Amino acid sequence: MVVPELRPWQAARPQVKRVARAVRPRLKRAAQSVKPQVTRVTQAVSPQVARLTEAVRPQVTRLNQAVSPKVARLVGSVSPQVAKLPRPNRTWQFTAVAATAGMALAAGVVTAAGPWDSTGQRTAERDYAAAQERSGGVDHGRNSDTSAKAPRPAPSAASVLVGLGGSTNSVKSAPTGTALADVLNPLLANSALGTRHTAAVVDVSTGKRLYGVGADDALTPASTTKIATATAALSALGADRRFTTRTALEPDTKELVLVGGGDPTLTAHQDAEGWASLRTLADSTATALKKRGVSEVTLSYDKTLYSGAELHPIGANENLAPVSALMADEGRTDDSSSGQVLRVTDPAADAAEKFAGFLKKHGIRTTSPGPSKATARAATLATVSSPPLSDIVERMLTNSDNDIAEALARQTAVATGKRADFDGGGAAIQAQLTKLQLPVKGAVFNDGSGLNRDDRLTADLLTALLVKAGSPAHPELRPVLTGLPIAAFTGTLTTRYTDATGAAGVVRAKTGTLTGVNTLAGTVVDKDGQLLAFAFLTSNTTNALEAQAALDHTATALAACGCTS
């Protein structure tokens with residue numbers, strides 16, 4: 001097995017993220033999403049698993065209680081140290097996650113454990129597997145024991161990863177086109193997949209296409225567009241890029257300007273969960289004002305980083321707020337951080353109003369905020385910055401976050417000198433993919449999220465994007481792969497593949513859904529241990545749930561395929 005040696009910033013990131021992203025709200029969301037499965041697990045799994053769960057729970061509780069007051073200090077102290085670490089020019093090799101034990105603890109341990117460790121497994125999964133003290137496989141914890149439909153055993157503590165470009169005797173040759181066609185053709189012919197479909201399967205280690213049906217034909221991609229947006233943003237901005245929101249005081253006046261830096265993850269919540277906090281910015285700004293003897297200001301806000309229309313062509317929609325360089329919590333009108341919800345009509349004004357309220361708590365009086373533009377002469381009083389772009393991309397892909405996607409399209413435009421509007425963002429994405437020598441023929445980008453039905457992508461391009469993200473020559477693109485939702489585990493695939501034998505934890509894919517359009521693109525480790533990239537696009541579907549099930553069945557068959565000759 002080849003274990004990648006991460007660069008210093010990559011090695012440090014899991015520890016920072018485990019602390020910075022507060023455990024408590026993630027546990028709550030995870031518990032709600034897997035409650036039905038956990039109920040079945042509790043009835044079926046062995047007594048050893050139950051004892052392990054009880055042993056882990058107090059540890060997670062103590063961790064949650066201990067880290068909360070230290071998050072800000074840890075992030076502040078680690079970031080500059082990591083920035084100073086040397087970065088040797090070593091190539092690393094992307095590794096794919098295969099099935100691992102610990103599904104019974106998905107609501108608690110796996111969610112609390114945070115990101116992937118250096119072997120590509122979640123820390124909690126590894127520890128749980130090791131705790132079983134078995135050399136063979138252990139049950140996933142679903143439909144256990146004698147059920148004919150029970151999942152196959154998953155590998156225990158030993159790593160189940162395959163390094164790209166590395167030699168290993170345990171991995172067979174790539175699947176053959178004929179064998180794949182025999183498996184996939186009947187499944188893709190399912191009437192639930194509409195009247196038109198395209199598909200491609202590629203060997204990630206070589207980039208060779210192993211299977212294709214209309215792979216060069218451009219169809220509406222829906223949210224799989226976000227794979228292209230992520231790739232373009234990471235390429236143009238770099239994985240370490242952070243977005244800064246600041247306050248500036250105009251000279252000889254008492255005008256305070258809240259300047260948006262295009263951070264789509266800025267939050268006004270009490271618990272910032274590691275994201276940039278509007279409350280923290282208000283605290284620091286109030287302190288700076290008091291040092292100047294200022295207790296009353298004219299409050300303005302600057303959202304001029306972006307240009308053009310803020311409202312997406314689809315109109316007001318619960319899937320997306322008006323796109324603004326200044327917004328808090330994506331303009332959501334509740335405490336959610338993902339999913340559909342009513343949005344405010346002017347995110348910048350909303351953020352400024354909340355900021356004014358936070359200043360008031362510190363004794364700083366403000367006028368009702370209005371739009372303005374900070375001058376070059378304005379003195380910066382305080383700043384807050386987002387986590388690195390790598391984290392933001394992962395959040396976007398895992399949750400299929402449209403607000404982040406549109407922000408990244410505009411940030412790509414800003415970075416490449418194009419107009420920061422919908423058209424400019426699309427043009428910037430296409431230009432970056434062309435620069436990466438990706439097959440963009442037929443591709444059309446009208447936005448960054450895929451909500452625009454006039455977008456067009458090919459299965460060939462989607463698989464090429466995934467292969468490029470796994471290339472040792474482009475480590476900055478790795479978050480495109482690590483951010484993909486994991487079957488039955490995370491994001492938009494949390495409730496999918498829960499009963500799919502052999503697919504849970506093995507399929508990692510970005511979903512795409514519009515009326516009459518269903519798509520799926522990602523990676524999978526097949527039965528022979530080969531890492532494959534796949535893309536399935538369908539049009540004119542009539543039942544979204546049936547189409548999703550058919551796509552999931554196809555990806556599951558790919559995972560189960562021993563298709564070498």
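How many bridges join strand β12 to β13, and in which sense do the two run? Nine bridges link β12 (residues 517–525) to β13, and the strands run antiparallel. This is a predicted model, so let us walk through it with β13 as our starting point and then turn to the salt bridges.

**Strand β13 and its partners**

The connection between β12 and β13 is a hairpin with five residues between the strands. One residue of that turn, Gly529, has a positive phi of about 85 degrees. Further along the pairing, Thr519 has Leu537 of β13 as its bridge partner.

β13 also pairs with strand β1 (residues 196–203), in the antiparallel sense and over eight bridges. Here Val202 stands opposite Ala533.

What about burial? Nine of the nine residues of β13 (residues 531–539) are buried, so the strand is largely enclosed by the rest of the structure. Leu531, Ala533, Ala535, Leu537 and Ser539 point one way from the strand, while Leu532, Phe534, Phe536 and Thr538 point the other way. Both sets are buried.

**A closer look at Ala533**

Ala533 sits in β13 and counts as buried because its relative accessibility is 0%. Setting aside neighbours within four places in sequence, its contacts include Ala200, Val201, Val202 and Val204. Gly522 and Thr523 are also among the residues that Ala533 touches, as are Thr463 and Leu466.

Thr463 deserves a second mention: Ala533 and Thr463 are 70 residues apart in sequence, yet their C-alpha atoms are 5.6 Å apart in space. Both Thr463 and Leu466 are listed among the buried residues of helix α14. That helix (residues 459–469) is mostly covered, with ten of its eleven residues buried. Asp460 is another of the buried residues of α14, and Asp460 is linked with Arg209 and Asp216 in a network of salt bridges.

**Salt bridges**

Side chains of opposite charge can pair when their charged atoms come close. The structure holds ten salt bridges, and three of them are set out here.

| Pair | Closest N and O atoms |
|---|---|
| Arg365 and Glu296 | 3.2 Å |
| Asp403 and Arg343 | 2.8 Å |
| Asp552 and Arg496 | 2.7 Å |

Take the salt bridge between Arg365 and Glu296. Arg365 lies in strand β7 (residues 365–366) and Glu296 in strand β6 (residues 296–302), so the pair ties together parts that are 69 residues apart in sequence. Arg365 counts as partly exposed, at 48% relative accessibility. Glu296 is likewise partly exposed, at 41%.

Next comes the salt bridge of Asp403 with Arg343. This pair links distant parts of the chain, 60 residues apart: Asp403 belongs to helix α12 (residues 402–415), and Arg343 to the loop between β6 and α10 (347–361). Asp403 counts as buried at 5% relative accessibility, and Arg343 counts as buried at 9%.

Finally, Asp552 forms a salt bridge with Arg496. Asp552 is in helix α16 (residues 544–560), and Arg496 is in the loop between α15 (479–482) and β11 (508–514), so the two tie together parts that are 56 residues apart in sequence. Asp552 is buried, with a relative accessible area of 10%, and Arg496 is buried too, at 11%.

Methods:
Residues are numbered from 1 along each chain as its sequence is written. This is a predicted model: local features need pLDDT of at least 70, side-chain atom pairs count only at pLDDT 80 or more; totals for chains, interfaces and linings use all residues. Side-chain values use heavy atoms; hydrogens and water are left out. Buried means under 20% relative accessible area, exposed over 50%, partly exposed in between (1.4 Å probe, protein chains only). Helices (H or I, at least four residues) and strands (E, at least two) are DSSP runs, numbered from the N terminus. Two strands pair if DSSP finds at least two bridges between them. Contact means heavy atoms within 4.5 Å. A salt bridge is a side-chain nitrogen of Lys or Arg within 4 Å of a carboxyl oxygen of Asp or Glu.
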